[in-house]
Amino acid sequence: MVFNVLVFYGSAAGSWCPAREVTACCLSCTRGAGHRLALGAMAQRPWRRTGLKHPPLVALGVLLALALLALTHLPPPPTGDHGRARSLRMAPAPISLSPAPRPRQDTATTLCGDKPPARGTRRRQGDSRRLRELGMPSPSPCVERPCRRGDAQHGDRLRLGGTAPPWLSDDDIQKMKLMAYGQVVSKTRVPAHGQVLRVHLHAEGDPQPTGPQGDCGDGRCGLIKRPGDLYEVVAFHLDRVLGLNRSLPAVARRFSSPILPYSYTNGATRPVIWWAPDVQHLEDTNNDQNSCALGWLQYQEMLRTYGRAPVVGDVPCKSIQHGEWGRLALFDFLLQVHDRLDRYCCGFEPDPSEPCVEEMLHEKCRNPAELVLVHILVRSSAPSRLVFIDNAGRPQQPEAKLNFRLLQGIDSFPEMAVAVLRSGCLGRRLLESLYVDRELWDSQGGAAGLRPLLRTLERRGQVLLRYLQERNLTAVRDTPR
């Protein structure tokens, strides 16, 4: 940068000369007698008259002023995934454990099968602003270019016209639409579940019902549960993000049908879970919540002897693949679902208000032979794969009381789910997936209201990864969906 700051004063003409014309000025000053003395005084006289400082000091001052001006125009420090997080309400601090294994950088994937961006790739201007409008942090390597399938219509309960996460299959989307938009044409009470209604739904384009619709064999029924069970919708999206694909599609919805009782139409948001018509139940009325009867000791023996001896005789639940138990244990640990593997709360010290204490189940922990598993279910269309139901675990379970008994006996876990946990992208992918369900999103206060829950799931995932690392457990390739 060139500054024309230095000037000289010509004694003969009494005029200012720019620095770039100093040579000509000096030549004109030397013409005639006595001009050499004037030239000697030329360097001092103008500075004394004008009060200016020495020229180098002037140039230094100008440079300092320009540097300060440049600092004021620097961009603000980054936020979100690449810098300091925004100030949000935080869940309780995690328990003190050894550092979790560092996430593998090569496991990050993008939506629609796009490859991760090359190093140095610039993001398009405006991407961060659009994500901030959704309440999401700035872009990260976890998500770059979501699938676009047109714009979602204002007021839609499902935002499937905009971003469609690839982990939601076409069958998932079809069932979610039925649960979110289907007209209630009949209702039925579910035995032993007083606050749960099974409803038959009529979707647009279906033949008009001609009479009472009590049979759900056509796959067009759903279970309306309590408002406090909305966590089941989060559990469904967690299942899909992890690639487990064992829970049933679920959405959040508010009802206004005159067929339903007032308590179901008072404006409260409730979860609606798709009713699978081919789930198998035992004929025993005391154990009809299982497809096969399995005690805790039998379960542990089955896990211990798998692959070491051929299956002979009447082994309970022998049709279920061995890898299914790793899926179940991982899923239940992240959600802290105790009802299936530890309904007696033997893996932690329960509070006096816990159902397992009030129903005196916890006392049976002294005799493991009395402990049984519950909600071990399969479908007749896929008897080798488990079905996860009643997944509204315990989001408020403190980390000091995490139930590690749910993991007991498991020697391997599904490879894809472990990769997602290691990638560090679980929370962000869940946030994008939950954004599809407008009713759930709005009822929980958007991204700001959901983030504490997602952080809890992320921390539990890190605890699980440490558990795998400390015990040198393996991740196995997933079985077909």
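# Exercises on a predicted model

Cys 345 and Cys 356 are joined in a disulfide, with their sulfur atoms 2.1 Å apart. The structure is a predicted model, and the exercises below work through its disulfides, ring pairs, core and two buried polar residues.

## Exercise 1. The Cys 345 and Cys 356 disulfide

Determine the handedness of the disulfide of Cys 345 and Cys 356, and place both residues in the chain.

Solution. Step one is the torsion: about the S-S bond of Cys 345 and Cys 356 it is about -110 degrees, so this disulfide is left-handed. Step two is the location: the pair links distant parts of the chain, with Cys 345 in the loop between helix 9 and helix 10 (355-358) and Cys 356 in helix 10, 11 residues apart. Step three is the accessibility: Cys 345 and Cys 356 are both buried.

## Exercise 2. Other disulfides

State how many disulfides a search of the whole structure finds. Then treat the pair Cys 292 and Cys 317, and the pair Cys 216 and Cys 221.

Solution. The search of the whole structure gives four disulfides. For Cys 292 and Cys 317, the sulfur atoms are 1.8 Å apart, and this is a disulfide. The angle about the S-S bond of Cys 292 and Cys 317 is 100 degrees, and the link is right-handed. The pair links distant parts of the chain: Cys 292 is in the loop between strand 7 (270-274) and helix 8 (296-305), while Cys 317 is in the loop between helix 8 and helix 9 (323-335), 25 residues apart. Both Cys 292 and Cys 317 are buried.

For Cys 216 and Cys 221, the sulfur atoms of the disulfide are 1.9 Å apart. The torsion about the S-S bond of Cys 216 and Cys 221 is about -80 degrees, so the disulfide is left-handed. The cut-off for buried is under 20% relative accessible area. Cys 216, at 7%, is therefore buried. Cys 221, at 0%, is buried as well.

## Exercise 3. Aromatic pairs of helix 9

Classify the ring pair of Phe 331 and Phe 388, then the ring pair of Phe 333 and Phe 404.

Solution. The count of aromatic pairs comes to six. The rings of Phe 331 and Phe 388 have centres 5.1 Å apart and planes at 20 degrees; planes under 30 degrees apart count as stacked, so this pair is stacked. The pair links distant parts of the chain, from Phe 331 in helix 9 to Phe 388 in the loop between strand 9 (382-387) and strand 10 (412-414), 57 residues apart. Phe 331 has 0% relative accessibility and counts as buried. Phe 388 is buried too, with a relative accessible area of 2%.

For Phe 333 and Phe 404, the ring centres are 5.2 Å apart and the planes are at 50 degrees, so the pair is tilted. This pair also links distant parts of the chain: Phe 333 is in helix 9 and Phe 404 is in the loop between strand 9 and strand 10, 71 residues apart. Phe 333 is buried at 0% relative accessibility, whereas Phe 404 is partly exposed with a relative accessible area of 33%.

## Exercise 4. The core and Tyr 299

Describe the largest nonpolar core, then list what Tyr 299 touches.

Solution. The largest nonpolar core has 96 residues, and those with the most contacts inside it are Leu 242, Tyr 299, Trp 325, Leu 330 and Ile 376. Helix 14 (residues 446-471) gives the most to this core, with 10 residues. As general background, nonpolar side chains in soluble globular proteins tend to be buried together.

Not counting residues up to four places away in sequence, Tyr 299 touches Leu 294, Trp 325, Leu 341, Leu 373, Gln 408 and Ile 410. Ring pairs also join Tyr 299 with Trp 296 and Trp 325 into a cluster.

## Exercise 5. Arginines over rings

Which ring faces do Arg 159 and Arg 198 lie over?

Solution. Arg 159 lies over the face of Tyr 435, at 3.8 Å from the ring centre. Arg 198 lies over the face of Trp 275, at 4.8 Å from the ring centre.

## Exercise 6. Asp 332 and Gln 300

Decide whether Asp 332 and Gln 300 are buried or exposed, and list their contacts outside four places in sequence.

Solution. Asp 332 is in helix 9 and is buried, with a relative accessible area of 0%. Beyond its neighbours within four places, Asp 332 is in contact with Val 337, Arg 340, Leu 341 and Leu 406. Gln 300 is in helix 8 and is buried, with a relative accessible area of 10%. With the neighbours within four places again left aside, Gln 300 is in contact with Gln 408 and Gly 409.

Definitions and conventions. Residues are numbered from 1 along each chain as its sequence is written. This is a predicted model: local features need pLDDT of at least 70, side-chain atom pairs count only at pLDDT 80 or more; totals for chains, interfaces and linings use all residues. Side-chain values use heavy atoms; hydrogens and water are left out. A nonpolar core is a set of buried Ala, Val, Leu, Ile, Met, Phe, Trp, Tyr and Cys residues joined through side-chain atoms within 4.5 Å. Buried means under 20% relative accessible area, exposed over 50%, partly exposed in between (1.4 Å probe, protein chains only). Helices (H or I, at least four residues) and strands (E, at least two) are DSSP runs, numbered from the N terminus. Contact means heavy atoms within 4.5 Å. A disulfide is a pair of cysteine sulfur atoms within 2.5 Å. Rings of Phe, Tyr and Trp (its six-membered ring) pair if their centres lie within 6.5 Å; planes under 30 degrees apart count as stacked, over 60 as edge-to-face and the rest as tilted. A charge sits over a ring if NZ of Lys or CZ of Arg is within 6 Å of the ring centre and within 35 degrees of the ring normal.
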